[in-house]
Structures are given as structure tokens and as C-alpha cells.
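Please look through the structure shown below together with its sequence. The paragraphs that follow lead from a contact between two chains to aromatic rings and then to backbone details.

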Amino acid sequence: MKGSEVVRMVPDKNGQANEGHSCVKGRFAWGYATHKDRILKPMIRGKITDPWKEVSWDEALDYAAAEFRRIQKKYGRDSIGGIVSSRCTNEEGYLVQKLVRTAFGNNNVDTCARVCHSPTGYGLKQTLGESAGTQTFKSVEHSDVIMVIGANPTDAHPVFASRMKKRLLNGAKLIVIDPRHIDLVRSPHVRADFHLPLKPGTNVAMLSSIAHVIVTEGLLATDFIAQRCEDKAFQQWRDFVALPENSPEAMQEITGVPAELVRGAARLYATGGNAAIYYGLGVTEHAQGSTAVMGIANLAMATGNIGREGVGVNPLRGQNNVQGSCDIGSFPHELPGYRHVSDSTTRHLFEQAWGVEIQPEPGLRIPNMFDAALDGSFMGMYCQGEDIVQSDPNTQHVTAALSAMECIVVQDIFMNETAMYAHVFLPGSSFLEKDGTFTNAERRISRVRKVMPPKAVYADWEVTVLLAQRMGYTMDYAHPSEIMDEIARLTPTFHGVSYEKLDQLGSIQWPCNDEAPLGTPTMHIDHFVRGKGKFIITKYVATDEKVTRKFPLILTTGRILSQYNVGAQTRRTENVQWHQQDILEIHPHDAEERGIRDGGWVGIHSRSGETVLRAKVSERMQPGVVYTTFHFPESGANVITTENSDWATNCPEYKVTAVQVMPVLESSDWQKKYTRFSKVQDDLLKNAGEGTGNKTPDIKIKAVAKSIA
Amino acid sequence: MSIKIFVPGDSAALALGADALAKNILAEAARRNMAVELVRNGSRGMLWLEPLVEVQTARGRVAFGPVSAEDVGALFDANFQNGGKHALNLGLTEELAYLKKQERLTFARVGITDPLSLEDYLAHDGFQGLRKALTMQPAAIVQQVTDSGLRGRGGAAFPTGIKWKTVLNTAAAQKYIVCNADEGDSGTFADRMLMEGDPFVLIEGMTIAALAVGATQGYIYVRSEYPHSITILNEAIAAARKAGYLGPNILNSGNSFELEVRKGAGAYVCGEETSLLESLEGKRGIVRAKPPLPAIAGLFGKPTVINNVISLASVPIILDRGAAFYKDYGMGRSHGTLPFQLAGNIKQGGLIEKAFGVTLRELMYDFGGGSASGRPIKAVQVGGPLGAYLPESQWDTPLDYEAYTALWAVLGHGGIVVHDDSADLAKLARYAMKFCAIESCGKCTPCRIGATRGVEVMDKIIAGQDTEAQVELLRDLCDTMLNGSMCAMGGMTPYPVLSALNHFPRDFVKKIPV
Amino acid sequence: MLEQLNEKDFGTPRRIAEQEVTLEIDGMQVTVAAGTSIMRAAAESGVNVPKLCATDSLEPFGSCRLCLVEIEGRKGYPASCTTQVERGMKVRTQTPKLQALRKGVMELYISDHPLDCLTCAANGNCELQDMAGVTGLREVRYGYEGENHIHSQKDESNPYFTYDPSKCIVCNRCVRACEETQGTYALTISGRGFESRVSPGQDQPFMDSECVSCGACVQACPTATLQEKTVIELGQAEHSVVTTCAY
């Protein structure tokens, strides 16, 4: 730092999560924080077709509060809700859910983890008893076999990927279960011992057939199971997976993977020493996402690969604070620490602390909010730091729902896609402008420290406090540390957490309490959090999203190294030099059949919609599967994805959409509409205030121009 | 009965037209309707006589040389096939003084046998060492080698037995035997002559090494400049494997050893063992820091025996005849024999395998016959391009590792390059720096930058610029390179430079006044 | 939380071993985990052996030859980074001979390095500059008219950092960081001997190579050879704060 100016960012050698390493985003792509696109003044407007008007903080907050109250009066208490961001701090997330459960008086709070790792929370809670990964990242140094399922660490989790590669270079074996030929399958000095290129949507079939091999070939960790797991559930599960229908030979037709490969991988996982599973959104974002997570937990229990270093079940998270945002009660059915709202003891605890009555029924999930908006029963939303329009599936459905609402309050550092449908815009603060904590996939709570004053006066947590106040509920915090103190007081797994201790230890892995005052690097060591581990039967059910003659290809989506999620940050950095637009990867065979050439425009149709991207002909794909990223709004990747979702958690089925791909000459109708709408919104913003520097992102406009050219 | 004629297939003979010669002999024999059995043997090592043709007679093998393709008709006319009289007839090969005075242990078969004939090899005591080794415990094999006093013939003279013992005692799932055949020293050719003249002895030596330390895979790293060696080794390996001397079950003993030839990429520094291992792993040939020793973490990080061709090829006779037999040769702590290679300005260049203790003067005059130019010999570089230049006062010192160390010189790989009195030692010192600059791997600073600066300093000295200060700088630079370099490349370049400066100071003073 | 700008660099990575080894360094008794380098053992007890190619995030390499020490009963001058401690070892890190050797090495380094310290982006945060100071280098007797790399072309293709081969000391820290820290193997040294220079891929610009721009090489570089463009523009930082990445 030079005063309050950032000179450079370097990874901390003592950083316990990264141990002195970073990726291009953290190391270099921080310029967005001071980008000229930052909106620094609050703005309001009556309708989304009205121009924005810059106003004072007081006016904006008063307006938002009044609108919410008006809506609740007209449509009922449950007609408004809030959305917690996985990019904001734990303290900020906690305050948003608290605002909803106190000032709003309902449980209509949800988080973007809904659309990524909600099945992890559910699946691991059911089987192991805690909604989190079991290890530290460092644990991989002790693994002998690493199984990567539905994750592409070198692109999406590059720092961890480097540590994994280090271990692989030193001799660990690697199993990759992924439809695509991801880099880990073969990169310099690293090669997967087994790559099982399954068809998208068949994870559960694959996991059951691996379990079948372990059970029928006598590879079970019988002592571990006898001591640590529920016997009856185990026996039922064992009998189920042993059925011939679950054999790799029987499943071969479904997964498309030769049975011998599956058997080899299963044997290696079960007998190769310490075996660890790392999985990503390729497991969760499916109609059977939760089932697959449970299938993974079953494998770990069946082989005794849990409860020590080098093993475990390890979700690779979608954003910096997905774990944290889930931990602090951002789901409609759970209070902080994953405790159900119907549990009166927990509810009572919070009612006492917060001085309000908490509703015992779960509130609306994000997709339910959209449905309710279209029904006319959900009319107001406070959305902090999340771009639901770009990130949620079936964009047309989302925008229709938002257009139907009467007051949307967006709090963000940029005029994002959702903000174009908003009535109140509250300027947010970047991570450089506030204190707080983030919790990563290894349950590690780390401090975020303020290095410059908030550019728009208030840190995000302060804005929530002010909004609560305007709605008649007083939140009294002098510093985010006091918010953490409150979380610690009310949440058993956080009892021992404080800023003071974080400063001392550098970071803490929860649970941190009297039993584990220094935190818990490895979970489930002597017993499972739920007592005995529970095997759960994972019957494969094919998704409704089936390929047909009309939609013969499967589209699966993901991300690349240089861009982050919806790209709001990374698109505003030089990282665009590596990735200027989303492209559609397609196997040469499929391309040839359709007359698609490398770099040509292709139209992608699904049941939901249509968009146009440039094609990249690539043998990374298997025939029948196409792939794209969702980093640019005009790409409309989520115009195509459907509202199909996980049966247990509603996590969208981003990874399987039946599509047809054809060469085209111009952008899709949706893209044309989008371009017109963005242009209008741009103009509405331009007149908001003079000399404020408010301007829509020019990078985005450039990219739009390109896609039409 | 057909007549047996030997025409060497060794590269030195080939370079002098041995192939055309062999062709002519066959054609001439056919023309004369004579049954001829032509054997492409290795070289006898008398290079000034190459191509050296031998014929098998009742009295023994009679030598003719040097023979050109044009001589063939006249030779037949002179009944050479029966040892007839001819100007090129040198008499019985065994009686040639150059050979007779030698003590050929490692090179016992070279030039005598058909290099690729297993029968020939077996008929000349081949695989006797291996057969003995197969009856012994690994530690006992290592003990034999230790007791023989064999030291690394690549140049470093490290006791081979100790190296093997370290590998034997390092537990690992995989161990390797690597043969360093990246023979790059100027004036040396012993490795090549052996590989081309008796490849089975190297294979046998490596197999014994494998049995001794528990290795199952071996590599011979041959410099790319030795294409004939590579061809012959590959053929010999295939033949040995087919006959069960290599492969998954050596002579039905249950022991496995596989051998592969790998071609170097033309870097002198890859003769340094750690760079060689890097190169063998497919990486750039740069030096590794030691420790860890290759014996503990060598090829692909596994315990590795890495020995020179001559070291490994000396092992079979040690096992066959016993440690004491071998140890008896030599003097002091230098046991056995060393194949000296006489080159440069010398009348009779070639390979002379002698027990340690012989002197330079004996080699240069008794064997070499003095300089080729006829002028007085001025300086001799022993031990390759990084060896010291020896003035006449040192020529009577016995060739022995310790005696040479005391002279601040090295025996190295046994290369001897002779210069007559027309040599300018300042230019040779500059060349030593230039050689280092060209061949430095570039890893460590003293060698990477030092050698280049050394050339520049030498240029100033040769040009007579500020000589005194530049000589002082040269000495400082040599000190930095000698004590600071990672390996012998930079660390030994001061040997030729400083020996030239110390023994021939007059060459460093500018002769022409400014 | 304000911290020192540069954390202490122990030269070689920490070793974890149950066994401990006690040795003597410059007359002090020092006890460290078995497998620790002499360099690290010295650094942990407050003795900083000069170094350039060693850094504690990378395995020792032994190329710069500044960290040479004397060990009683052992010939020559072993590098303290690649030599592990042994029980009862007696090590000297500062003797007139070692000083002369280090100065000799430094003199060679500087004979092929631009003399633009005052206007260099790494000024004040350059290990080469520090070592020139530590070794007491006062003159470069080779002069500057010899072969050198001073006019090498800068590679500015990466949006975030520049590569200036003229300042490269071929310590391989970037190459090793790319291999050991990042695992991408995008960098190598091309050419040999004096021609050796860091090269992304086969003498490609950074942006055309396999480089994933993680910055590990820039972090590892002890000079201004690989330098963040923000530092070139703004100058060195004056304080630092530890926070958590928002990605």
C-alpha cells in the first residue's frame, strides 16, 4: 500500500489456505475496486423505465424502507425478502438474514449458494451430520489417491489445483470423473491414472457402480463401517448397490464409460491408501445433485476414507464465501449454524437475542420468490451483492419475475444486470473498504481488513444497519467484530471465534468452541458429527432433461481461469485479454455434422431459449456434449438453461441442458432484446447525476458490439 | 577352409576407409574364387596403423597396415591371406611392441573378437563374471568390486565399490544403473573403442552392477557423435537379451534387468553425472546440486549407480578373476589399469592400457615415438580439456591419481594431448576459458559469467593490455571459479589456465612491444 | 494489522522431522529439525548467509554461489542452501576466504547488469542490490565493455507485469516457482552458458506461452526482471496489510 492506494497484492507466505500462492485474479485482477464504473451515489426511480435519480443516503434508505412497508401492508408480511451474497462477508450476510427475520418479519432469505452448493449442505448433513467439507486444503499432501469429480480445479480453483498437482507430481494417483477432457487429465508432468468421461447427468449412476465394485469385490472397510456407521442403513445400502443393475457393466449404457475403467478406478480408490474426493459444481448442479453428494459420502464411509488427514469429502466451492454465507443462516429454512427454523429451542435463542418473534415456517427459496413474484404475492426484494439476473437459470423467467415486482433494492459496487430491474440502488463497498471475515471451503474463517475508506461512505454492513433502522429495527454495532461476537454467542460451532483470536491464529477452521478452542482442521475424527455415519441409498433417476431429435446435444456450463463467476469484477480488469467473450466448445464430429467451423457464430437453442456464441471446435469435448461459460451477460448462457433443479434443494440443473446447435449469421432475439434494454438502461443511468463519474461499463458495450458484428 | 580376414569396423578405421577396403577385399576374393570369412573386429588401438587388416594364419594373426582400398590387389598378389611378404606386413599382431608392452584387462578382447558375436565373446571368457555374480549375494559382489580397488574411470576416481554400496543400502522400489558414455574429453576415445569393439563386456558389467545393487533397469547414455557405438550397442543388447543374458529372467536366475541406449544431445557438460541424469530424464542438461548423491536420489529421484563405460567394463574381469588379481596391477591407491589415449601432436597415437605407474615420458616416447611434427614436445595436457598442462619437468612422475593431485594435475579419463614447441600456452589458456564459456550449462554464476569474462581477460593479456593487473584479475577469477563453481566444468577450467600461466609464464607476456 | 513489507526469508523451506540435529554455526550451538539446510539453520538463529537463488518458498538450487560456507573437516566451500545440517557439524559463515569468494561472484554478477539502480523499479526492494552491499563490492574490474545483456528486449505482453531480460541473474527462481509453486511448467531457461536467459515456452512472449499469469514468478524474482506494472508506475509500497482474497 501507499497510503490508501494499492500498489500490489501478493500472496501471504503465512496464509494458511494458500501458503504463499495466488492465481491471476487475486494477484493482479483487483483493479475493478477502483474502476470508473463504480457507482458511488445512491439512486432511486419509481419505475424501471424511469431515469435514475441521484439522491442522498437518507433519501434512498427512507424511500426503500417506505416502499417495503407499503408493499407489506398491501400484499402481506411475506411479500418481501432478501438475498445474501456469497461474495460479501460473513458479518454482512448475517445482518441481511437478521434484517429479513427481524425487520421484515419473515424467513424469505436465500443466498446464491442455492444455485451452487446447496446439495452439499443437504447431502453431507444427511450422511455425515455437518454441511461442510471434512478437510484442510493441506490434507491433500497426505493423499495417495485423489478423485476429482465434476470439478476443473486448474481453472476454477487454481491455487488448490497447484497444491494438488504438487502432490500428484510426488506420486499420488489421480482419478478424474468428468465429461470433459479437463487439463488435469493430461498436463505437464501430471496425468490421470483414470479418466471416466461420463455423460452429463449420470453422476449417480457412476457413483453407484463404483460402490458396486467396492461392495462386490470385497473392498469394504468393514471395521470402520462396523464401528462408525449405522448398521441397518449400511446393510440396506450394501444390498442395494450390490444389485446387478448397479454394476459398471449394467451402468455402462447410461454413463457411457467402459466398465473396466470404472472397476479399475474403484479398486484404486478403495485400495490405493489415503483416498480423497474433491468435487465441484459438476456434482451439485444436477437434478440429482443432493443424491450424488450422498453417493460421494457413501464411498468415503465404505472405504474408511474419512476422519484423518489425506482423505475425506471435499467440496470445491463456487465463490469466496459460499461456505460462510451458508454458515450464517442465509437459507430460508435455517438459522445460523444450520439449525432449522422449526426447532423451537434455536428459534427461542434468537428471539431472545433479537427481541422479535421468528416465523417457524421456512421462507421462500430464490426460485420460489420468482414464482411468487409472477403470482403477484412477492413484490419487494433487498439484494446485496448478487447478480441474480445473470447467474440464475432461465433468464427470461427471472427478468419477467423482477419486472413484476414493485421495489427491488440492489446494493452493489456496479450497475449489474439485476440493477437494471431495480428501483433503488445502494452503492456497495469492495473488500478493500471494510472489515469482516470470509469462510472458505475448508471451513477456514479469515479476516478481511479495511485498507481504504469506503468509496461511497458506508461499508455494506453499515447500509444494512441503516436500512433496518429505517424499518424500525435497531441494530447496534460499532464494528463488524461485534457482529462476529453475536454470531459466536448464538452459534455453537462458532462459540470460540473472535477477531482477537483470528488475529492471533491467522485463521480458524470451525467448529471452534470449548471442545476445539483452536478450531477443527479435520472433521469426523473419532465419530461423525451426527453420531454414526449414515449410508443413504442413491438410486439413479434420469433427469427429465433428455436429448431428443430436436435437442440432440447436452450443454454443460462452467468457468475459466481468468474470469470470476458473472464477471462483474474480472470483466473490469485486464483479465479480458485472456477471455473476451464466452464461447461454445464443441467436438469436431458434432461440428462437422453441422457445418460449424472454428470461430464461426452458432445459435444454441434449448426448451428455454436461444442465444448465439462463437464456436470453438475442440477435442476436449466428447461427442454429443457442448460447453460454455457464463462470464458475460450478453452471452445469455442462462437464457438456455432450464428451471429444472435438484429434487432436494432446488439447485439448478446448470450442467445438463438439451440443446441444438446450428451455424447462424446474427445474434439471437434474446440478445437483440438484451442489447436494446441495456442501451435504454444505460441512457437512464447517464442522466442520473452530473460529474459523478457514473457510467455503464464500456467493456460490456464493446463486447456486445462484437457479438453482433 | 576359408581364410579369415579382420577389417576393423571401429569408427577410427571407418573414417580411414575401412568399409571400402572391406568391400574390395570381398570383391577381390570373389574374383579370385577364394573363400573368405571377413570379420569386422574392433580396433587394436594403434590408430596410426588404421585401417589395420589382420589375417588368421597357423602362426597366429598377421597384421597389415595402414591399408587402403587400392592396396587390396597387391596384397592378394603377395598372398597376404597367408601372411605373405608385403611392405605393409607388420608381422604377428601379438608381437607388435605397442601391443605387447600393454596390460590389457578391460580391453582384453577389443580388436580380437567379432564385437557382435556372442559365441566369440563366450569363447573368450565372456559372461564368466556374470555367472560368478549370479552365485553371490549382492553384498559379496559389492565387496569384490570394493576390494579390487576399482575407481571411477570417468575422471573423478571415486571408489566404485563405495558408490555401489550406497545404492545397495538405500531402500527403494526402483533402482537404476546408468552408464556414462558421453565421452567428450578432447583426445579421448577409450569408451568408444570399447563399445564398438566389445559391447558385451559393458552389458555384462552393467548386469553385474544391477545384481549387486538390486536394479532392474539400466541406461547407456551415449553421445550423439557416436552413431556407430549406438548401433552396435543396440544390436548387442538385442542379442544378449535373446540369449537370456538380459531381460526378465537372466540365465534363469529369476533376476531381471533391462537395458536401453539413450542418445545425448551434444553437450559436454552432460558428461557430468548429474547433468547426464537431468538429460536422461528429458530435461535440460544442467548440473544438480549434490547432495543428494545420485546413489541416493539419482535418475527420477531413485538410487542410481552411474559409472563410466570403462569402470563398468572392468567389472566382469574383476568378478571372473577375483579382486586380488585386479588389485595387483597399479601402484599406491591407484589399482588396476587405465586405458591411456595418446593424441595430439604425436607420431603413434592410440590406446595404451597400462597399469597405473607408467610415466608420461614412457607413453609419449616409448609408445608414441615422439611428436608427429618432429619438433620438441613442449606441453602435455592430461585428463581432457579441463586437465592441467604439464611441462617436461613433470613427465617422469608416475601416472597415479595421488601423484598427479600432488602436481595440481589430474589423470581424468586418461586422455593425453601432446603439443610441440610451436604451441602458445596463453592461447591455449584462452581456449580453455572459451571451451568453458561454450560448454557451461549456465547454472552457476562463476562458470556462466566467469568463463566469458575469462576469455575477455585473456584477450587483454594476449594483446598486452595492462598485463599485470589482468593477470591478477585472472588469478582472482580462477580462484572464484575453482572454489565457487557447482561442478568440475567451471571448477576445473582453472587447471589448464593456471598450469599454463604457472609453467609457461613467458607465453603470457606480450612479445611484441607496443 | 501493519506488517513488515518483506517477511523474513529463511532461504530454504521448513523441514518437519521428529529428529533434531544440533550443530555449531559461527560458534553458536543451533538445534533444528533433521533435513534442514545449513542456510535455514543459520537464519533461524539470526545469522543471514548471503543468497540470491535461494528463497524459502522453493527447494534449494545452489546456483548463485553466494551462500558458500566452510565446514570443519570438509574440503571446499559447500553451498549452505543445498547442504543439510549434520550432528556436530562446525560451520563458519564468515571468513576472509568466503568474503573474497562472495565478492568475486558479485563482481561477475554486476559485470553483466545495468547500473540504473536509482531509476530501477525494484530500487529499495532488490536482493541483488542488497547483496552488492552485503558483500562489499566496490569495483568491477572487468569493466562494462565485455559481452552483456544490457540491450535485451523487454517483454511487456502480459498486462500485469514486464519481463526485462537485461536484469536477469538466471537464478531460476521464476522457473522453479512456475514448476514447484504453480505446477504449470511454462518457463524455462533457453540457451546455455552466458546465453542462458529465462524464456516463456520456446522463446515466446509471456502472453503467447502457457503462462497462466499466477504471478508466482514475479513474486519469486529477486530483481526487477519480472516486475508488476503497478510497481513500475507507482513505486514501491510503504506499508502492507494482510487481508483475504475476495475471489
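How many residue pairs are in polar contact between chain A and chain C, counting those with both residues at pLDDT 80 or more? In this predicted model, the count between chain A and chain C is 24 such residue pairs. On the side of chain A that touches chain C, three elements each supply at least two residues, namely α1 (24-28), α6 (158-169) and β18 (444-448) of chain A. The largest share of that side comes from α1(A), which provides 5 residues.

The extent of this interface can be described in further ways. In terms of contacts, 46 residues of chain A meet 42 residues of chain C. The size of an interface is often given as the accessible area lost when the parts come together. For chain A and chain C the area buried between them is about 3900 Å², and 55% of it lies on carbon and sulfur atoms. Charged side chains also meet across the interface of chain A and chain C, where 3 salt bridges are found. A salt bridge joins the side chains of R27(A) and E228(C), with a distance of 2.9 Å from N to O.

Aromatic residues from chain A and chain C also come together, since one aromatic cluster is formed by F28(A) and W578(A) with Y160(C), F161(C), Y163(C) and F206(C). Over all chains, the count of aromatic pairs comes to 37. For F325(B) and Y329(B), the ring centres lie 5.7 Å apart and the planes stand at 75 degrees, so this pair is edge-to-face, because planes over 60 degrees apart are assigned to that class. Are F325(B) and Y329(B) buried or exposed? F325(B) is partly exposed, with a relative accessible area of 21%, and Y329(B) is likewise partly exposed, at 22% relative accessibility; the limit that matters for this reading is that buried residues have under 20%.

Chain B also shows charged groups placed over aromatic rings. R61(B) lies over the face of F6(B), at 3.5 Å from the ring centre, while the charged end of R223(B) sits over the ring of Y226(B), 5.3 Å from the centre of that ring.

Turning to the backbone, where do the cis peptide bonds that precede P511(A) and P66(B) occur? In chain A, a cis peptide bond joins W510(A) and P511(A), with omega about 0 degrees, and P511(A) lies in the loop between β19 (507-509) and β20 (553-558) of chain A. In chain B, a cis peptide bond joins G65(B) and P66(B), with omega about -10 degrees, and the place of P66(B) is in the loop between β4 (60-64) and α3 (72-77) of chain B.

The loop between β6 (161-163) and α4 (173-182) of chain C holds V170(C), and N172(C) is also placed between β6 and α4 of chain C. V170(C) has a positive phi, near 55 degrees, although V170(C) is a residue other than glycine. N172(C), which is not a glycine either, has a positive phi of about 70 degrees. As for their surroundings, V170(C) is buried, with a relative accessible area of 2%, and N172(C) is buried as well, with a relative accessible area of 6%.

Definitions and conventions:
Residues numbered from 1 in each chain as written. Chains lettered and ligands numbered in written order. Heavy atoms only, no water. Phe/Tyr/Trp six-rings, centres within 6.5 Å; stacked < 30°, edge-to-face > 60°. Buried < 20%, exposed > 50% of the residue type's maximum accessible area, 1.4 Å probe, protein only. Lys NZ or Arg CZ within 6 Å of the ring centre and 35° of its normal. Helix = DSSP H or I, 4+ residues; strand = E, 2+ residues; numbered from the N terminus. Contact = heavy atoms within 4.5 Å. Buried area = accessible area lost by both parts, 1.4 Å probe. Salt bridge = Lys/Arg side-chain N within 4 Å of Asp/Glu carboxyl O. Polar contact = N/O pair within 3.5 Å; in protein donor to acceptor, adjacent residues only side chain to side chain.
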